[in-house]
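Please open the structure in your viewer and keep the selection tool at hand. The tour proceeds from stop to stop, with a selection to make at each.

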Amino acid sequence: MRLVIVSNRVTIPERTEKAAAGGLAVALREALEKQGGLWFGWSGNVREATSAPNVVERGNVTYAVTDLTEAERQSYYLGFSNRALWPLMHYRLGLTEFSRTDYAGYLAVNRRFAKALIGLLRPDDIIWIHDYHLIPLAAELRRRGVGNRIGYFHHIPWPPAEVFGALPFASTLASTVAAYDLVGLQTQTDVANLMGCLVAMCGASINGSRLRVGRRQTQVQAFPIGIDVEAFRKLAAASVRSATTPLKATRQSLGERKLVVGVDRLDYSKGIVQRLEAFGQFLRSHPDQRGRVGLLQIAPPSRSDVPEYAELDRQSDEVAGRLNAALGEFDWTPIRVVKKAYSRNALAGFYRRAQVGLVTPMRDGMNLVAKEYVAAQDPADPGVLVLSRFAGAAHQMGEALIVNPFDTHEVAEAIRTALAMPKSERVRRFEKLYDTIAATDIGWWTRSYLAVLSGAAPLEPEIVPG
Ligand code: ADQ
């Protein structure tokens, strides 16, 4: 059986490129290499008119990428995917922009992807489609007679019917989910919400984890995504020995001061502004901590073409500037916001150096940073993870300090608790967290999803923790 992966963005690796440590793209590439396969999606480029996909072979993996027109990028990607579905799925109705033109563009790109993909498919392929940009793709394929097994994984949260129903085209879009054989989500809450939507909007009936709409039957299950724990652990351990990583420079610039770290794409779902405020609150409530600890917030800009993101960028600068001016000293800056992407090596070093990992999204499908932070710790003297209860990761990582990110005081006190936590308790919590993320790493995730999709594994693997 050949594996076919479809995702919004596809990067064709250079011929000589070695796989970077960890990450979803690497895990999917490994799965493709193992059984041979095809990866189809958007090249990330824009051109005036659409043309046939560009097909490139790398070993036993075929990459087929297609460009978008500027109009398609506006409606399908920036518009419907990122200004309607992204805020909606993150329970942010106030930020959604619904436009019929954008929706038409979203459907048209899914239709065009279906047509292009059909020309590349073989009868025994199993097809694995990723994320909210491509929800209706299976329905488009089925309409054109594709009978292969088709799975979908939804990387972000799925909200309850009361929230999802605000989308003007909610029931039509929800009904397209029934074209899949297997739908994977991050948590049981997402599973229950998606099922609730299909029952309320499409008259679906439920039997255990199976959903029936008309004559079609779809399996809906949680598969919490993981990271390459072992690779990340090794990177972090190596960063301690390396003289060139930013870890050494961080040591020089921080001295004995403690470090709290946040790492996120600059996205309103991640709660960055609220986190900065909570750190300010912590310093106000605990003046003895001033000058003794700093927050490093690493936040590379993303989706800057979307107005809500430009606004967030401005707001985070404003809040960090205000807090630094109010609380800083001539020889100590409480908050450093760095708007850059770093290598995996460098990130691992920052996590390792930080006594506290602050992961406080307002809502998140899983949040891989929470898992990376744990994987990077020194088992003999680990740091403490402060984790939002609204991250999917909280369903598995109960030994973190779980907080409500809307409650600035609670987050501020959790920072204090984490900094003061005795080593024995830090070690106890770390060991449990590490065992969990190691048992459900990225290899486990791809294997268990594909086993169910291909029909080789019984439905609902019991190993899903949390
Ligand atoms: P994202 O919203 O992108 O993913 P997340 O899961 O945290 O969120 O993954 C971000 C990745 O980017 C991490 O691997 C992190 O290390 C990396 N990263 C962030 N800032 C970086 C920086 N400055 N430099 C380098 N790397 C950086 C979506 C969903 C999540 C879900 C994932 C996977 O929103 O909820 O966990 O997909 O399913």
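**First stop: helix 12**

Select Ala346, Leu347, Ala348, Gly349, Phe350, Tyr351, Arg352 and Arg353, which are the buried residues of helix 12. A residue is called buried if 20 or more other C-beta atoms lie within 10 Å of its own, exposed if 12 or fewer do, and partly exposed in between, with C-beta atoms placed from the backbone. Helix 12 is mostly covered, since 8 of its 10 residues are buried. Helices (H or I, at least four residues) and strands (E, at least two) are DSSP runs, numbered from the N terminus.

Two remarks on the model are needed before continuing. Residues are numbered from 1 along each chain as its sequence is written. The model is predicted: local features need pLDDT of at least 70, side-chain atom pairs count only at pLDDT 80 or more, and totals for chains, interfaces and linings use all residues.

**Second stop: helix 8 against helix 12**

Now add helix 8 (residues 229-241) to helix 12 (residues 344-353). At what angle do these two helices pack? The angle is about 75 degrees, and the axes are 8 Å apart. Axes are lines fitted to C-alpha atoms, for helices over the stretch in contact, and angles run from 0 to 180 degrees between N-to-C directions. Helix 8 and helix 12 are therefore roughly perpendicular to each other. Angles under 35 degrees count as roughly parallel, over 145 as roughly antiparallel, 65 to 115 as roughly perpendicular and the rest as oblique.

To see the contact, select Phe232, Leu235, Ala236, Ser239 and Val240 on helix 8, together with Arg344, Asn345, Ala348, Gly349, Tyr351 and Arg352 on helix 12. Two residues are in contact if their C-beta atoms, placed from the backbone, lie within 7 Å. By class, this contact of helix 8 with helix 12 holds 6 nonpolar, 3 polar and 2 charged residues. Ala, Val, Leu, Ile, Met, Phe, Trp, Tyr, Cys and Pro count as nonpolar, Asp, Glu, Lys and Arg as charged, and the others, Gly among them, as polar.

**Third stop: helix 13**

Select helix 13 (residues 368-375) next; 8 of its 8 residues are buried, so helix 13 is largely enclosed by the rest of the structure. Its buried residues are Leu368, Val369, Ala370, Lys371, Glu372, Tyr373, Val374 and Ala375. Which elements do they pack against? The partners are helix 8, helix 12, helix 15 (423-439), strand 11 (258-263), strand 14 (356-359) and strand 15 (384-388).

**Fourth stop: helix 2 and its kink**

Move to helix 2 (residues 70-89), which spans only 25 Å between its end C-alpha atoms, whereas a straight helix of 20 residues would span 28 Å at 1.5 Å a residue. The expected span is 1.5 Å times one less than the number of residues. Where is the kink in helix 2 centred? Select Ser81: the kink there is about 40 degrees. The bend at a residue is the angle between axes fitted to the seven residues ending there and the seven starting there. Of the 20 residues of helix 2, 15 are buried, so helix 2 is largely enclosed by the rest of the structure.

Ala71 belongs to helix 2. Is Ala71 buried or exposed? Ala71 counts as exposed because it has 12 C-beta neighbours inside 10 Å. Measure from Ala71 to Gly105: their C-alpha atoms are 8.0 Å apart, although 34 residues separate them in sequence.

**Fifth stop: helix 3 across helix 2**

The axes of helix 2 and helix 3 come within 8 Å and cross at roughly 110 degrees. These helices are therefore roughly perpendicular to each other. In the contact, helix 2 contributes Ala71, Glu72, Ser75, Tyr76, Gly79, Phe80, Ser81 and Ala84, and helix 3 contributes Thr101, Asp102, Tyr103, Gly105, Tyr106 and Val109. The contact comprises 7 nonpolar, 5 polar and 2 charged residues.

**Last stop: two loop residues**

Select Tyr91 in the loop between helix 2 and helix 3 (100-118). Its phi is near 65 degrees, a positive value in a residue other than glycine. Tyr91 is partly exposed, with 17 other C-beta atoms within 10 Å.

Finally, select Arg303, found in the loop between strand 12 (293-298) and helix 11. Arg303 has a positive phi of about 45 degrees although it is not a glycine. With 19 other C-beta atoms within 10 Å, Arg303 is partly exposed.
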